[in-house]
Structures are given as C-alpha cells and as structure tokens.
Amino acid sequence: MNEKITGSEALMRALQDEGVTTIFGYPGGSIMPVYDALYDYTRGPKKAFNHILVRHEQAATHAAEGYARVSGQVGVTLVTSGPGATNTLTGVADAMLDSTPIVVIAGQVPIGALGTDAFQEVDLVGLAQPISKWSYQIRHAEDIAWAVSRAFYIARSGRPGPVVLDFPKNAQTELVEYHPQKVDFVRSYVACPPLDMDAVQQAAELINHASKPLALVGQGVELGNAQEELKVFLEKADIPAGRTMLGLSALPSNHPLNVGMLGMHGNYAVNLKEQECDVLIAIGMRFSDRVTGSLKTYAKQAKVIHLDIDKSEIDKNVKTDVAVVADCKESLPAITALLQKASHSEWRESFRPLDEQEREKVIEPAIHPKEGPLLMGEVVNMVAEQSADDTVLVTDVGQNQLFATRYFKYHHKRSICTSGGLGTMGYGMPAAIGASFGVSSTAEGETATGQKNERRTVVCFMGDGGFQMNIQELGTIMEQQCPVKLILLNNHYLGNVRQWQDMFWNRRKSFTRMLNPCYELIAKGYGIAYEAVVDRKDLRQAVARMLQSECPFILECAILEEDDVLPMTPPGKNVDDMMLSLNEY
C-alpha cells in the first residue's frame, strides 16, 4: 500500500512539481493545516520554499504579480478564508487586466459548513470567477494534484492570468495517496491557436506595400519572450515602433526604431503619427482607451494588422484588416520570413520635428529645470542616469507612474512592473518586494530558495497617496531586508486627480490635498535607511547614496505641488489632439 499523506502535504508536493520556490502569504484559521505542512518545507532537509510573510493579503497578490512580471514564472499567494480571501481580489483583478500569471490559494471552511454562514465563510469561487481565468474549489484531497497542475497550466499558458483555488479545510486534513499529475490540455480551452499562414501572407503583403508603417508594441511581446523576434521583424522592414506602458521594456529605449511611448501621456510624435501611418501593426496589445483616444477617429486612414494570442481582442475596439491569432514568438518570425528588406528613412525622419517640439516644450523643462522646487521628471531622470542598464522599474499609480515610465530608460527585458488596466494605487511597494525576489528566479528555471539576487536593482517610484495605501509593507521589507529603493515623490496631493480637477473641474480641488505624516520617523521605526531632498543641488549625491546602498532605502523628494504631466490627450479626445501645454486646452 502506498503512503498516505494529508491534503496539506499533497499541496506542498504539487507546488514542488510545478517548480514553485517562492510563496507570498498570510496565515489564518482556515489555512492553518497548510501552514503547518509548510513549516517543514521552509527549513531542514525538506526545504523547498521561501515563504514571504506580507502584512496584508492584497499586498501578497501584488508581490506575486511583481515576482511573475520580472521572473516570467507564476507568482503564488497563500491566504486564509473570509477577509483573507476577499483582500486578494483587487490583486486578482489587477492581474487579470494586465495578463499576469498568479495562483491564489485560499483556505475555506469545511464543505460540511458551506452555506451555513460559518465564521469567515465567503463564496470565493463566485466572487473570483468574473475577474480570473479560472476559479475552482478543491473539495476533496484526491483532487489536489489535478487541480494544482490545471491551475498552473491555465495561469501560465496562452494569454497568462490569475487563477484562484478555494481549499476547504476538510480537503487539507484528509489522507490521500499522492500521485503527481501533469495537465497540459483542457477541453474547450485553446491556449495557443495554430498559426494561420494565409493571415501571415496577407500581413506580409500589407507591410511590403506600406510606405508609412507603424508598429504598436505591447506587453504580449514580453509575455511571449519574443523580444529578439520583434527586433528582427522591425529591422528587416525598417518599421518605427511605439510601445505601450506595459510593453516599454520589450524594445530597448536606445533602439533606433523606438519612437516612444503610446498613450494619453506618451510621446508626442508617435501619437500624432498613428493618425498618419498607412499600415498599423499592433503586436500583443489590446488597443486600450488610454492608447486610442476617441475610437471614432482613431487611425481611420490605416490598414490594421493585429497580432495577438487572444482571439477575443480582435475587433474588440479597433476594426482589424488582418488578424494573426497566435503566439507572437511564432507569428513574428513567420511574417518576417516573407518580408522584403525595406527602408523607410523619409517616414522615420518625419518623426524628428515632432520629437524636437516635445523635447523643447516638455522634456527639457521637466528634467533640467533651472529654478523653483524639485520636479518629478528631474528626479526620475536622475535615478535613470545613475541606474544600471538592467535595473527594474516599479511604479505605483498616478503622476509618479506617468513621470517614471516616461523618463526612465529600458535596456533589459522584463524591466517594468506597473498597474496598467486597473490602475491600482498601493501596487508599487508590494510589487517591488515581489520583484526583488523575482530577479533571483528566471524563466530558465534557476532556483530562488531564500536567495535574493543582487545583480538587478529594483527601484520603485511612489506618490504620497499610493505609498500610504500599503505602507504596512515596510514591515515586510524590514523583515526580509529586500534591497528595494523606494523613491517617494511627495507633493502633498493626490496629484493626478488634482491635475484633472484643475483642468476639467474649474480648479475645485475637492479632497485631493493630503496632510502627510513624518516619513523620516516612519522609516526610523522600521529601521529602513532614509534621506530627504528639498534642494536640487543635493539630488545627485542623494540618489548616488541610495543606489550604492545594499539595504532597503527610502528617498523622499519634496516636489512642486502643482507639477503637471505633459504631454496629454484629454479624455475622449482624438489621439492627435495631444497637448504640449495646458494653455492649449
């Protein structure tokens, strides 16, 4: 007779079988049997996992996201039932909108108590279903191996995303013979559609006949590990490429065909040229409203080619002339093979005057101001100038995010973690924690059992609003000694909302000014190195000291209270209505 083990022990073995090394979690009553089993798997001869005790369950999911985004692996979160489970739902929704592979495992009351309003009972499967790729309740221990394998397969395959496993307490304590399972097929779920060579041929023909082609590069290139295939494709056909916010590190900032960031606060030239190009090639991006502006006028002059692994994205927002539904790591080389070597120098040169306008009116004043208080752009630029090429940028949400993504530099794949689709304030600090563990674990399968890799620095830009939304995670940083560099851009406002109030609501600043605590005392309480910068003459050396430190570090910068993000396309306006000055509105 084979050995019988508890369901909790079976979960440990199933996670091992999936290559899990790092877990972000918070214990509680309904997950206690699992945590008891986990005890032996985090120390001694059985050691397999590094468990990171966060201070809030929402932070556990954001940390799992940061880990997944940097490492290319599935992030794992372990929590209890009731509020422990519901606290993860913001992170689950965030991961769903940003296609981030995480698996959330939550305790649940025993199945005999379901439906009785038992203590900390909540219908997690029902709550998670609309915001996850799959949610499932493991009702019996015999289902654990299958459910875990299926969960990881769904989370990482095709268009990645979050999976939620609800784990009743009875299944955690039941005895079962453990037999590993490998799920690599789910009926009715087509993870990676077969490549349609007719569509490939049509796409290549359109590109070969284009005189003004423009590529829009999204995070799908990163998710498909197709960064090199992208460069070969662009270089053969000499196609300028804009990048979405989540796709910024899919193409290096200094690549000659990179023409900037797309979107509401992206770069001037590429946004205007979307309305001039004759062939628009969207690669692994979803035509977000923040990219397109008004759909009524967006790129109506262009033939649209859309490369995406998710068929539901085709024609969802922008009508496509040719759809290539496949993994871009497969579709890009297939199209490239049919392309003629081309030169579009005149078309590319037409971007330059617009770039110069933006540099003169927006960029130089933002990063090299001559007087007045510190600006967000100059702080970001100073950190970017002194950071190593493989530094990972993490941001919170708001003006800090928009300035950071605009002015940071990207040279290495998987170098950006930010909340795109959901725009979750409080994302930054826990995501930075996860990223600091993710840099020691790669998609090629290196182990990360407790060893943080110092080779890649993690910098995180936050506003004072987002910082306080998950400020308790300073405790996690303190305990783990995560060497993250936290740059607090403090303007005493919910800055992005304040900017919109000034622009669209007659400057009626309704509850956006913030009375903030003394961050120096908070940093001292957590034993984290801290420095404040008020005068720009002190900025360079302060940034240098932060980046040279091997420990966690908070750099607080006193920012001009009414620093505005430009350029900007007002909401609902055409993409080429982008303003270089607020006086234009």
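Me: Two strands count as paired if DSSP finds at least two bridges between them. In this predicted model, how many bridges join strand S2 to strand S3?

Reply: S2 covers residues 22–25, and S3 covers residues 50–53. The two strands run parallel, and one bridge partner pair is Thr22 with Asn50 of S3. The number of bridges that join S2 to S3 is four.

Me: Which residue in strand S4 is the bridge partner of Phe24?

Reply: S4 spans residues 75–79 and runs parallel to S2, to which two bridges join it. Phe24 lies in S2, and its bridge partner in S4 is Thr77.

Me: Which residues of S2 are buried on the side opposite Thr22 and Phe24?

Reply: In a regular strand the side chains alternate between the two faces of the sheet. In S2, both faces are covered, with Thr22 and Phe24 buried on one side. Buried on the other side are Ile23 and Gly25.

Me: What is the handedness of the β-α-β unit made by S2, H2 and S3?

Reply: Helix H2 comprises residues 32–40, and a loop lies between H2 and S3. Together, S2, H2 and S3 make a β-α-β unit that is right-handed.

Me: Is Ala48 buried or exposed?

Reply: Ala48 is found in the loop between H2 and S3. Buried means under 20% relative accessible area. The relative accessibility of Ala48 is 10%, so this residue counts as buried.

Me: What distance separates the C-alpha atoms of Ala48 and Pro570?

Reply: Along the chain, Ala48 and Pro570 are 522 residues apart. In space, their C-alpha atoms are separated by 51 Å.

Me: Which strands stand at the edges of the six-stranded open sheet?

Reply: The strand order is S16-S15-S17-S18-S20-S19, with parallel pairing. An edge strand here has a single partner strand, so one side of it is left without a neighbour in the sheet. The two strands at the edges are S16 (416–417) and S19 (529–533).

Me: Which residue in S18 stands opposite Gly463?

Reply: S17 (residues 458–463) and S18 (residues 485–490) run parallel and are joined by five bridges. Opposite Gly463 stands Leu489.

Me: What angle does the direction of helix H24 make with that of S20?

Reply: H24 (residues 539–548) packs on the sheet, where it touches S17, S18, S19 and S20. The direction of H24 makes an angle with that of S20 (553–558) of about 160°.

Me: Which helix is included in what covers the buried residues of H24?

Reply: The buried residues of H24 are Leu539, Ala542, Val543, Ala544, Met546 and Leu547. Their cover includes S17, S18, S19 and S20, and also helix H17.

Conventions:
Residues are numbered from 1 along each chain as its sequence is written. This is a predicted model: local features need pLDDT of at least 70, side-chain atom pairs count only at pLDDT 80 or more; totals for chains, interfaces and linings use all residues. Side-chain values use heavy atoms; hydrogens and water are left out. Contact means heavy atoms within 4.5 Å. Axes are lines fitted to C-alpha atoms, for helices over the stretch in contact, and angles run from 0 to 180 degrees between N-to-C directions. Buried means under 20% relative accessible area, exposed over 50%, partly exposed in between (1.4 Å probe, protein chains only). A crossover is right-handed if, with the strands pointing away from the viewer, the path from the first strand over the helix to the second runs clockwise.
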